[in-house]
Amino acid sequence: MIPHVTRLLELWRIAAHYRLDTLFPAEELPVKARHALSLIKMHPAAWSSREKKNPLKLKEALEDMGPLAIKLGQLLSTRRDLIPPEVLSQLVLLQDRVKPYDTQLAKQRIQESLKADVSTLFSRFDEQPLAAASIAQVHTAALHDGREVVVKVTRPDIRSQILQDFEILAWLGDWLENRLEAARALHLTEIIQDYRQIILNELDLSLEADNTRRMRHYFTGSSMMYVPEVYMDSKDVMVAERITGVPISDTATFDRLGMDRADLAEKGLTIFFTQVFRDNFFHADMHPGNVFVETINPSNPRFIALDCAIMGELSKHDQMTIARMLLAVMNSNFMQLIQIVHQAGWIPPGTDQDALSREMRRTVGPMVSKPMDQLDFAGILIQVMDIARRFHLEIPPQLMLLLKTLVHVEGLGTDLYPQLDIWKLAKPILTEWVKANMNPVKNVKELGQQIPDLLLGAQDIPGLLIDSLNGLKNQSAWHDKQLREIQQMRLQMQQQQRRSWIFGSTMLILLTIAIISPWFISVILIVLSSLIALWRIAK
């Protein structure tokens, strides 16, 4: 059954009212996408709408649809290579220019959450929001000691709508998995559930505060990136250091100040690989509204990381697998790439690995020798997904968040410095990381550090063995008891069937005699049959 039909109808009405079906030329869309968009025209709101291909209304449409639609718009806002300029100009506004909510309500939430009056907490609180996005809005303020801060406050009453929308997405994901092999290979329902938890975590600003402190610890003293300090936090409010900088998309300011955009792009990519492989803690929501650049020192600027609500982590196994895969691609060794993927357990038995290697070489090979401005990253990604579908590859859900981050990073890098040679920069970083983590001396040292724990755990082994043996003994006794009970039930069923057969035969004989006998004998036999039946039922 389709969940939240009323909500679905509301989304349909919004799409029809703003005529979202007119934003993109139909001939440039896949056939299935055209069919989906044609449904918009069927709603009565589309018949009376005056909107005719007006991209300026896209922002309002996504705002009306709610937080998840805004998140989608933020992701697309980094893709200048995919989105027409007039549409992109509206999507960019979703990064920090969503309609704010009432300031008095924001103050009330601050007071209730931090258990103090706004005038007690701050010497100045600016009524006009500095920015507003899908989950929260930001006000500037000053502490009583003079420090300038930003106050982030979550939007009220959005949790229920987010939960509703994710229930619809979960139903849609299940429906697609039952019909499309590609959806099953991607573990679409698991991805939706993982992303649901990520978004719900984003509603808790105390988690964002913890993530920010952790990221700040990793980059303390760094010449590449600065992470603001957090001063106060709660579930609904976070007070942090105010920074001075401009969004990474403000390339005009970089040019005006004489910044080296190539150097800045290389720093950004280095930061990404550092987060993924050194710290195993990467920013997974890197749209331009969350990534700023310092302007204080134009000759050696640093990135500024904001909004650390959505962070990603990988297991050591996945880290090593991804690093080795990337190096195999950079070395154009596609047989090694397939072997790595096979070792990771992503290829089902019986797969033609030679054919898979040829397909990957054909699809991914050309991208290795090209700068970012010549890469059709989205097109390559779609082709790789198609290969995964055709060869029944299993793509772990935990990698999808990293993939989403790569889409952001590639989009930002293309805007900042299109000629960046991503492979030339990444190869030495990955090579050094793989060598360091496959170093036998390091592995032996790590094993040595674990020896005290192993020795302490060894004293528990006899007790664990006894418990296991007792458990097996008890389990064996339980199985014997279950077997006896099953045998007893089987015997009872056989006896029941035998009695039922005798009873049925007796009743049939009596009724047959009753039919062919004189009426008084028939009455006696029918009464006798009824008594036997009642006795049988009572028994």
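Which side chain does Lys99 meet in a salt bridge? Hi everyone, let me start with that one. In this predicted model, the partner of Lys99 is Glu63, with 4.0 Å from N to O. Lys99 sits in the loop between α6 (85–92) and α7 (103–114), while Glu63 belongs to helix α4 (residues 58–65), so the pair links parts that are 36 residues apart in sequence.

Are the two partners buried or exposed? Lys99 is partly exposed, because its relative accessible area is 47%. Glu63 counts as buried, since its relative accessibility is 11%, and the cut-off for buried is under 20%.

This pair also has company. Lys59, Glu63, Asp64 and Lys99 are joined into one network by salt bridges that share partners.

Let me step back for a moment. Side chains of opposite charge can pair when their charged atoms come close. Searching the whole structure turns up 25 salt bridges, and I have picked two others to show you.

Take Glu359 and Arg390, whose closest N and O atoms are 2.7 Å apart in their salt bridge. Here Glu359 comes from helix α17 (residues 353–364) and Arg390 from helix α18 (residues 377–390), so this pair ties together parts 31 residues apart in sequence. Glu359 is buried, at 18% relative accessible area, whereas Arg390 is partly exposed, at 36%.

Now for a pair within one helix. Asp210 and Arg213 form a salt bridge, and their closest N and O atoms are 3.5 Å apart. Both residues lie in helix α12 (residues 205–218), three residues apart, or about one turn of the helix. Asp210 is partly exposed, with a relative accessible area of 45%, and Arg213 is partly exposed as well, with 34%.

My last stop is a pair of helices, α15 (residues 316–330) and α16 (residues 334–343). How do they pack? Their axes are 8 Å apart and the packing angle is about 165°. Angles over 145 degrees count as roughly antiparallel, and α15 and α16 therefore fall into that group. The crossing of α15 past α16 is left-handed.

Who makes the contact? From α15 we have Thr321, Arg324, Met325, Ala328 and Val329. On the α16 side, the residues are Gln336, Leu337, Ile340, Val341 and Gln343. By character, the contact residues split into six nonpolar, three polar and one charged.

That is my tour, and I'm happy to go back to any of these spots with you on the screen. Thanks for listening!

Conventions:
Residues numbered from 1 in each chain as written. Predicted model: local features only at pLDDT ≥ 70, side-chain atom pairs only at ≥ 80, totals over all residues. Heavy atoms only, no water. Axes fitted to C-alpha atoms, helices over the stretch in contact; angles between N-to-C directions. Helix = DSSP H or I, 4+ residues; strand = E, 2+ residues; numbered from the N terminus. Parallel < 35°, antiparallel > 145°, perpendicular 65-115°, else oblique. Left-handed = near helix turned anticlockwise from the far one by under 90°. Contact = heavy atoms within 4.5 Å. Nonpolar A, V, L, I, M, F, W, Y, C, P; charged D, E, K, R; others polar. Buried < 20%, exposed > 50% of the residue type's maximum accessible area, 1.4 Å probe, protein only.
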